[in-house]
Amino acid sequence: MASAKPRTRDRALYVEIFIDAPLDRVWELTQDPTQHARWDARFSAIHPTTVREDGAQEFRYELGLGVHTIRGTGVSLGEKRAAGGSRTSALLFTTEDPLSPLGTGRGYWRYIPEGDGVRFITGYDYAPGWGWLGRIADPLLTRRFVWWLTAWSFDRLRIWAEDGVEPERIGWWRGWFGGVRARAGSCRSHPSASRAKAGAQSVGESSTGSEPPIMDDAPASLARLSLSTPSTPLPAPSTPEDQRP
């Protein structure tokens, strides 16, 4: 019997959380750029620019770091026509800022109704910034921190949607002084076996094996998106060489 082929580790990031709130509420807080920037600590501001003929929204984003503000551009497309009453949103983003630890990337959101709430999921991947230094730092530090920041933000969204506590009241230090505290540990970092199987069998979304499993679960709308600059390269799929210890 042939030995099993070793499984390549998935470089793409995955965050999943259950939000006990109506789907329309979660959709509103995530699809409105002003509301999105309030709970998502990966952004300080999101400025919509142009709406394309297919409904895709181009935007500019900012992340203020005190001494420097990282700026970039992107395009997103939200759809409400997914199977089983679920919804999806696809995203491409890029930046020319040499100080950004994240270069060009792509990702998706899935909104899956579950009882009276929503299972909110993201998967995304990106090319590291900072040149050769970024390629070394990304698997060791950057990617771990970006996952934590995303998960912490997702729990902040959950608290806002469920309890009405505005994200500005859930800051970095407030939880240590008796305030409401968001926890990255409230999120899953890998899809369950049932989610992975469902993603591979999604109607109209083939799984060829050339993409990491997490990005295989991206909606078909992601493949239809393009950045304003078509020559901007998207991050390549993971390979064993990408996964140096």
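**Close-up views of a predicted model**

**View 1. Leu 140 in helix α3.** Leu 140 sits in helix α3, which spans residues 131-163. Helices (H or I, at least four residues) and strands (E, at least two) are DSSP runs, numbered from the N terminus. The model is predicted: local features need pLDDT of at least 70, side-chain atom pairs count only at pLDDT 80 or more, and totals for chains, interfaces and linings use all residues. Residues are numbered from 1 along each chain as its sequence is written, and side-chain values use heavy atoms, with hydrogens and water left out. Leu 140 has a relative accessible area of 49% and is therefore partly exposed (buried is under 20%, exposed over 50%, partly exposed in between; 1.4 Å probe, protein chains only).

**View 2. A nonpolar surface patch.** Leu 140 joins Leu 99, Trp 130, Trp 132, Leu 133, Ile 136 and Leu 141 in a nonpolar patch on the surface. Together these residues have about 780 Å² of accessible area (Shrake-Rupley method, 1.4 Å probe; for residues, only the protein chains shown count as cover). Patch residues have over 30% relative accessible area and no salt bridge (a side-chain nitrogen of Lys or Arg within 4 Å of a carboxyl oxygen of Asp or Glu); like charges are joined within 9 Å, nonpolar side chains (Val, Leu, Ile, Met, Phe, Trp, Tyr) within 5 Å.

**View 3. Trp 130 in the loop before α3.** Trp 130 lies in the loop between β7 (117-128) and α3. Its phi is near 70 degrees, a positive value in a residue other than glycine. Trp 130 counts as partly exposed because its relative accessibility is 39%.

**View 4. The surrounding protein.** The protein has six helices and seven strands. Of its 245 residues, 46% count as buried.
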